[in-house]
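Here is a small set of exercises to work through with the structure open beside you. Try each task before you read its solution.

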Amino acid sequence: MSYHCVYADEVRMWVFEEVLPTGEKLSEVINKTNENIKYLPGIKLGKNVVADPDLENAVRDANMLVFVTPHQFMEGICRRLVGKIRDDAEAISLIKGMEVKKEGPCMISALISEQLGINSCVLMGANIANEIAVEKFSEATVGYRKDKEIAEKWVQLFNTSYFMVSAVQDVEGVELCGTLKNVVAIGAGFVDGLEMGNNTKAAIMRIGLREMKAFSKLLFPSVKDSTFFESCGVADLITTCLGGRNRKCAEAFARNGGKRSFDELEAEMLQGQKLQGVSTAKEVYEVLNHRGWLELFPLFSTVHKICIGQLPPSAIVEYSEHKPNYSIVGGSAQFF
């Protein structure tokens, strides 16, 4: 079966409209040059990618919707889409983060499903965008809930010779890996900023992976151990702690002794892109605090406290004397 038999050729991409310093509109420049000169300069998009600043028009008649925006904007976007999409539409979320509500944490894929009444898979993995853009080899993981056929459609859509995609039946596990690794990457960035070395950074990554797994399984007992060995798990954690914007900004934060805020560093270093790790650390902290789990997750708790200035960046290694007293046995957390 050929590619063109399965998928429409034109891909409409909703673009939040911005006026560039030249006075031109971002969407018009993308369509004229086939390049997002603000967020991905130097990379040509396919001529079949059409930027559209009108959200409703961009989704009209589409039966496959790919969500990839900073997670803090998703609730507003979903509200605008209610009643505007096809009943048979399928969604996939590439978004790292969660909404924390009174009743508890809500994953972004669940937010999409609840607000729009459609099924949502997720795509996460060790794939920093600018490296994929220049076609360096990388992998990704599709997480699906029940329908393997839909998952295979997404795999077929994304898979290329340099971007290898596999599917696993574990939406929450895949999505939480993609979300929580940004918190660990902030910790890794503090280590880099303080020049603590590779041994320390490896320790933070290992402890971080342990906390990612424990937190995921406490929230969703269905999360599979094997998911942490997929691209979305340990591989994404490694690449985000070595590169990635969260590590980069956290390094600058630590070098400045925490005297410059993350908001200031984000504005200066990311040119309009958003940090996810700092807001996710806050959301995770809220969940831990609400459920009385703070002592079980010293790394997650410490990262948040450093981000908001309650602790100095050097505290990233000081907590480790207080060893958490939990273990994961047979998929559920045991407390001692």
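**Exercise 1. Cys-307 and its surroundings**

Find out whether Cys-307 is buried or exposed, and which residues it touches.

Solution. Keep in mind that this is a predicted model.

- Step 1: Cys-307 counts as buried, because its relative accessibility is 13% or less, namely 12%, and the cut-off for buried is under 20%.- Step 2: Cys-307 lies in helix H14, which covers residues 298-307.
- Step 3: Setting aside neighbours within four places in sequence, Cys-307 is in contact with Ile-186, Phe-190, Phe-253, Phe-262 and Val-278.
- Step 4: For a sense of scale, take Lys-146: it is 161 residues from Cys-307 in sequence, and their C-alpha atoms are 38 Å apart.

**Exercise 2. Cysteines and disulfides**

Work out how many disulfides the structure holds, then check Cys-121 and Cys-177.

Solution.

- Step 1: A search of the whole structure gives zero disulfides.
- Step 2: For Cys-121, the nearest cysteine sulfur belongs to Cys-232 and is 13 Å away, and Cys-121 is in no disulfide.
- Step 3: For Cys-177, the closest cysteine sulfur is also in Cys-232, at 4.5 Å. That is too far for a bond, because a disulfide needs the two sulfur atoms within 2.5 Å.
- Step 4: Now look at burial. Cys-121 counts as buried at 1% relative accessibility, and Cys-177 is buried with a relative accessible area of 0%.

**Exercise 3. Two packed helices**

Describe how H8 and H10 pack, and say which residues meet.

Solution.

- Step 1: Two packed helices are described by the angle between their axes and the distance between the axes.
- Step 2: Helix H8 (residues 171-193) and helix H10 (residues 231-242) pack at about 30°, and their axes are 8 Å apart. This makes H8 roughly parallel to H10, because angles under 35 degrees count as roughly parallel.
- Step 3: The crossing of H8 and H10 is right-handed.
- Step 4: On the H8 side, the residues that meet H10 include Val-174, Cys-177, Gly-178 and Lys-181. On the H10 side, Cys-232, Gly-233 and Asp-236 are among them.
- Step 5: Take a closer look at Asp-236 in helix H10. Asp-236 is buried, with a relative accessible area of 2%. Neighbours within four places in sequence aside, Asp-236 is in contact with Gly-125, Ala-126, Gly-178, Lys-181 and Ser-231.

**Exercise 4. One side of H2, and the residue after it**

Decide which residues of H2 are buried and what they pack against, then inspect Asn-34.

Solution.

- Step 1: In helix H2 (residues 26-33), the buried residues are Leu-26, Ser-27, Val-29 and Ile-30. They lie on the same side of H2, because they cover an arc of only 165° around the axis.
- Step 2: The general rule helps here: an α-helix has 3.6 residues a turn, so residues three or four places apart point the same way.
- Step 3: The buried residues of H2 pack against strand E1 (11-14) and strand E2 (49-52).
- Step 4: Just after H2 comes Asn-34, with a positive phi of about 60°. Most residues other than glycine have a negative phi. Asn-34 lies in the loop between H2 and E2, and Asn-34 counts as buried at 13% relative accessibility.

**Exercise 5. Another positive phi**

Locate Glu-135 and give its phi.

Solution.

- Step 1: Glu-135 sits in the loop between helix H6 (129-133) and strand E8 (138-143).
- Step 2: Although Glu-135 is not a glycine, its phi is positive, at about 65°.

Note on methods
Residues are numbered from 1 along each chain as its sequence is written. This is a predicted model: local features need pLDDT of at least 70, side-chain atom pairs count only at pLDDT 80 or more; totals for chains, interfaces and linings use all residues. Side-chain values use heavy atoms; hydrogens and water are left out. Buried means under 20% relative accessible area, exposed over 50%, partly exposed in between (1.4 Å probe, protein chains only). Helices (H or I, at least four residues) and strands (E, at least two) are DSSP runs, numbered from the N terminus. The arc is that of the directions from the helix axis to the C-beta atoms. Contact means heavy atoms within 4.5 Å. Axes are lines fitted to C-alpha atoms, for helices over the stretch in contact, and angles run from 0 to 180 degrees between N-to-C directions. Angles under 35 degrees count as roughly parallel, over 145 as roughly antiparallel, 65 to 115 as roughly perpendicular and the rest as oblique. A crossing is left-handed if the near helix is turned anticlockwise from the far one by less than a right angle, and right-handed if clockwise.
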